[in-house]
Amino acid sequence: MTSTPPGPAAQGENRSVGELLSAVTSDVQTLFRQEIELAKAEVRQEATKAGKAAGMYGGVGFAGYMVLLFLSLAAVLGLSDVIDGGWASLIVAAVWAVVAAVLYQRGRRQMRDVSPRPEQTVESMKENAEWARHPTK
């Protein structure tokens, strides 16, 4: 009659309470490290998205600035044929003030969509906490 090594269930029965606590502690530490890595990855991902958006805003801003500068100059010169040059400049500047206010509001609304909070990690940590409270569910 040959003896077979005990299966996982029998090995768990032979382990001491200290060994079991050590294994649980090790598992919790590993889980905690993984959650931190997930949070870091999410924050990096959101920061990358925000950085790309900011870069695009910068490029568009410069190109738009050059175009609008020359269009504004053309508008001032065109209006100065009809009214005094000072008033023409003031009218063009007022139009650009309105445009700037609208663009500011739209940019502010879009920046609110950038989430600095690692959503997946928060959900995962809630699930882990629930599991720790009721591991048999």
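**View 1. Helices α2 and α3 run roughly antiparallel to each other in this predicted model.** Their packing angle is about 160°, above the 145 degrees that counts as roughly antiparallel, and their axes lie 9 Å apart. The crossing of this pair is right-handed.

**View 2. Here are the residues that join α2 to α3.** From α2 come Y57, L68, S72, A75, V76 and L79, which meet A88, S89, I91, V92, W96, G107 and Q110 of α3. Sorted by class, the residues of this contact are 9 nonpolar and 4 polar, with no charged ones.

**View 3. Next, have a look at α2 together with α4.** The two axes come within 8 Å and cross at roughly 160°, so α2 is roughly antiparallel to α4. This crossing is left-handed. On the α2 side, L31, E35, L38, A39 and E42 take part, and they meet E119, Q120, T121, S124, M125 and N128 in α4. The contact of α2 with α4 comprises 4 nonpolar, 4 polar and 3 charged residues.

**View 4. Finally, let us follow α2 itself, from residue 17 to residue 79.** Its 63 residues reach 89 Å from the first C-alpha to the last, close to the 93 Å expected at 1.5 Å a residue. Which residues of α2 are buried? They are E35, A39, E42, E46, S72 and V76. Their cover includes α3 (85–111) and α4 (119–133). Among these buried residues, S72 and V76 also belong to the contact with α3, while E35, A39 and E42 belong to the contact with α4.

Notes. Residues numbered from 1 in each chain as written. Predicted model: local features only at pLDDT ≥ 70, side-chain atom pairs only at ≥ 80, totals over all residues. Heavy atoms only, no water. Helix = DSSP H or I, 4+ residues; strand = E, 2+ residues; numbered from the N terminus. Expected span 1.5 Å × (residues − 1). Buried < 20%, exposed > 50% of the residue type's maximum accessible area, 1.4 Å probe, protein only. Contact = heavy atoms within 4.5 Å. Axes fitted to C-alpha atoms, helices over the stretch in contact; angles between N-to-C directions. Parallel < 35°, antiparallel > 145°, perpendicular 65-115°, else oblique. Left-handed = near helix turned anticlockwise from the far one by under 90°. Nonpolar A, V, L, I, M, F, W, Y, C, P; charged D, E, K, R; others polar.
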